[in-house]
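Here is a short walk through one structure. It moves from a single residue to the pockets, then to the ligand and the loops.

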Amino acid sequence: MSLSKYNNPQVALHWLTAATISFLLVTGTFILSHIDNTDPTKINNLKIHMIVGGLALVLTLARIFWRARSPQPEVLDNSGSLMAKAGTAAHYVLNMMALVIAISGVGLALLSGLPEVVFFGQGVLPESFFDYIPRYVHGISTKIMLGLVALHILAAFYHAVVIKDSPFRRMWFGRQNA
Ligand code: HEM
């Protein structure tokens, strides 16, 4: 018995994660990393980034847990071709990278004493986050994630427009017909 679509909690978790991670990737790359640590606006920007980043971590863990616990529809392409295998692998790598990014962010925050400065107004920001190894992990993994997200979106539209196997209907709310 194969299911027609993903279940509703999974759909909600998918789009919430997509929104939070897209927000963090865009604002982190184009705004946050360009603000000097001596700039008074930096703390508020970091506060938003850390709260939304923490939420992204919780959502990603909930998504992985829920996926493992609930019945899933069949993969769109089960031909066993190289493309099909790459598609399945890409989904695992996307989840893995989301975890690497969020965990390195938390590691960076803890090592540099950010929670005290950002949430309790105690102490000052370090001169540079690049004095801490997790900053490099965070920076490089976010660049890889940007590429993966772009590929993920392209693949979804390729399925929708060229193959016409309704990927967006599978990842939207509604009754899950068997
Ligand atoms: C999936 C979740 C997250 C995403 C997608 C994300 C994304 C980003 C991006 C794109 C940058 C800029 C990187 C660069 O251009 O080199 C960045 C920087 C940063 N992120 Fe995150 N982040 C996430 C979670 C977190 C968390 C949970 C924390 C801390 C609790 C955090 C703390 C930081 C810090 C301290 C910086 C450095 C800012 C700077 O160099 O000025 N991030 N993040």
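In which helix does Val161 lie? The answer is α5. Bear in mind that this is a predicted model. Val161 has a relative accessible area of 52%. That value makes Val161 exposed, because the class begins over 50%. Now look from Val161 to Glu116. The two residues are 45 apart along the chain. Their C-alpha atoms are separated by 49 Å.

Helix α5 also leads to the largest pocket. This helix spans residues 133-163. It gives 14 residues to the lining of the largest pocket, the most of any element. The other elements that give two or more residues are α1 (8-30), α2 (42-69), α3 (82-111) and α6 (167-170). The lining counts 50 residues in total. Nearest the centre of the largest pocket lie His14, Gly87, His91, Leu94 and His152. The space inside comes to about 1800 Å³. What is the make-up of the lining by class? There are 34 nonpolar residues, 11 polar ones and 5 charged ones.

Turn next to the second largest pocket. Its space is about 820 Å³. Its lining is made of 40 residues. Leu32, His49, Gly105, Leu108 and His138 are the ones nearest its centre. Which element supplies the largest share of this lining? Helix α2 does, with 9 residues. At least two residues each come from α1, α2, α3, α4 (114-120) and α5. By class, the lining of the second largest pocket has 21 nonpolar, 14 polar and 5 charged residues.

Where does the ligand sit? The space it takes is the second largest pocket. Around the ligand stand 26 residues. The closest of them are Lys42, His49, Arg135, His138 and Lys143. Two of these names, His49 and His138, also appear among the residues nearest the centre of the second largest pocket. Helix α2 gives the most to the shell around the ligand, with 7 residues. Each of α1, α2, α3 and α5 supplies at least two residues of the shell. The shell has 13 nonpolar, 10 polar and 3 charged residues.

Some atom pairs fill in the detail. A polar side-chain atom of Lys42 lies 2.4 Å from an oxygen atom of the ligand. The side chain of His49 brings an N or O atom to 2.8 Å from a nitrogen atom of the ligand. For Ser33, the side chain has an N or O atom 3.5 Å from a ligand oxygen.

Lys42 has another partner. Its side chain makes a polar contact with the side chain of Asn37, at 3.2 Å. Where is Asn37 found? It is in the loop between α1 and α2. A polar atom of the Asn37 side chain also lies 2.8 Å from the backbone oxygen of Pro126. Is Asn37 buried or exposed? Its relative accessible area is 13%, so Asn37 is buried, the limit being under 20%.

A second loop residue deserves a look. Ser112 is found in the loop between α3 and α4. Its side chain reaches the backbone oxygen of Leu108 at 2.7 Å. Leu108 is one of the residues nearest the centre of the second largest pocket. Ser112 has 9% relative accessibility and therefore counts as buried.

End with the loop between α5 and α6. Lys164 has its place there. Ser166 is in that loop too. What is the phi of Lys164? It is near 55°, a positive value in a residue other than glycine. Ser166 has a positive phi of about 55° as well, although Ser166 is not a glycine. How do the two residues stand in accessibility? Lys164 is exposed, because its relative accessible area of 63% is over 50%. Ser166 has 26% relative accessibility, so Ser166 counts as partly exposed.

Note on methods. Residues numbered from 1 in each chain as written. Predicted model: local features only at pLDDT ≥ 70, side-chain atom pairs only at ≥ 80, totals over all residues. Heavy atoms only, no water. 1 Å grid on protein atoms, 1.4 Å probe; cavity = no way out; pocket = protein on both sides within 12 Å on 5 of 7 lines; lining within 4 Å. Points joined across faces, edges and corners; volume = space filled by probe spheres on them. Helix = DSSP H or I, 4+ residues; strand = E, 2+ residues; numbered from the N terminus. Nonpolar A, V, L, I, M, F, W, Y, C, P; charged D, E, K, R; others polar. Near = heavy atom within 4 Å. Polar contact = N/O pair within 3.5 Å; in protein donor to acceptor, adjacent residues only side chain to side chain. Sits in = over half its atoms within 2 Å of the grid points. Buried < 20%, exposed > 50% of the residue type's maximum accessible area, 1.4 Å probe, protein only.
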